[in-house]
Amino acid sequence: MTALPQHTTLQRRRRWAGPGFEAFGSIFAFVYTFLAGNVILALANAPLVFCLALVADPVASWPFFLALSVTVPPSLGGLFAAFQSMNDDGGAVRPFASFLRGYGRSFRRTAPLGLATVALLLFLGVDLVAVQSMPAAAVLVPVIVLAAAATVSVAVLVIAGVVLLPNARLKSLAKASLYLCVQRWYLSLAMLVLLGIIASAALLQPVLGVALAPAPLLFVVWSNASFAFHTVLPAD
């Protein structure tokens, strides 16, 4: 059996070792960004997390907790910016710095969007409670629930658009988000399911839920939103 030349053996070892190192670097980048993202989200929404940990039945006080969630949209803008930086920089991730930069750049638009979204959800929530005793509840309740789901979907898509297309007008992003919400309804449904899992985890186990669940699931939300936006409104 003929022995392979030494330089050929070394080249094969290098080819085998290189992708392995890159794969481990990518895995570390994902894990580190997810862990850091959960910590950042908890800090950015500290009043909400603190009250969830203290109150035994948050659902009974839903208007109060919905009002506290006004800090969530700006923090999503920062987290989405960290995800975008992870995709661009690969293994050289700096999630905390990326979050702070994204939070600062998008705050001027995501903060008013958060206020408007919370106000609309409060209005729809009050209407939902009021119509349940009406004869037309069977018709009105699904309409209100659908409107609330559309509000959340459009708001999250707009936040993703603010990060992806920082030079686009908010009005254009809102129109594109509404179109995507309807045209790619399956992505909107998947987004709502993932957001529902995050909310359920935060309600049932506030500390563990916030520490483990949000960032990996929100990365899926971000990836779907990024794909949807680039199909209808390319950055170039």
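This short talk walks through the cavity and the largest pocket of this structure.

Hello everyone, and thanks for coming. Please keep in mind that what you see is a predicted model.

Let's begin with enclosed space. How many cavities of 30 Å³ or more does the structure hold? The count is one, and the volume of this largest cavity is about 60 Å³.

Who lines it? If you have the model open, look for Leu157, then Leu180, Cys181 and Arg184, then Leu187, Ser188 and Met191, and finally Val221, Asn224, Ala225 and Ala228. By type, that lining has eight nonpolar residues, two polar ones and one that is charged.

Now, which helices do these residues come from? At least two lining residues come from each of α7 (170-183), α8 (185-204) and α10 (214-232). The top contributor to the cavity lining is α10, which supplies four residues.

Let's move on to the open space. The largest pocket has a volume of about 1,500 Å³, and 42 residues line it. Which of them should you click on to find its centre? Try Leu66, Ser69, Leu121, Leu195 and Ala199, the lining residues that lie nearest to that point.

Here, helix α6, spanning residues 137-164, gives the largest share of the lining, with eight residues. And what is the lining made of? It splits into 34 nonpolar residues and eight polar ones, with no charged residue.

So, to take home: one charged residue sits in the lining of the largest cavity, while the lining of the largest pocket has none. Thanks for listening, everyone!

Conventions: Residues numbered from 1 in each chain as written. Predicted model: local features only at pLDDT ≥ 70, side-chain atom pairs only at ≥ 80, totals over all residues. Heavy atoms only, no water. 1 Å grid on protein atoms, 1.4 Å probe; cavity = no way out; pocket = protein on both sides within 12 Å on 5 of 7 lines; lining within 4 Å. Points joined across faces, edges and corners; volume = space filled by probe spheres on them. Nonpolar A, V, L, I, M, F, W, Y, C, P; charged D, E, K, R; others polar.
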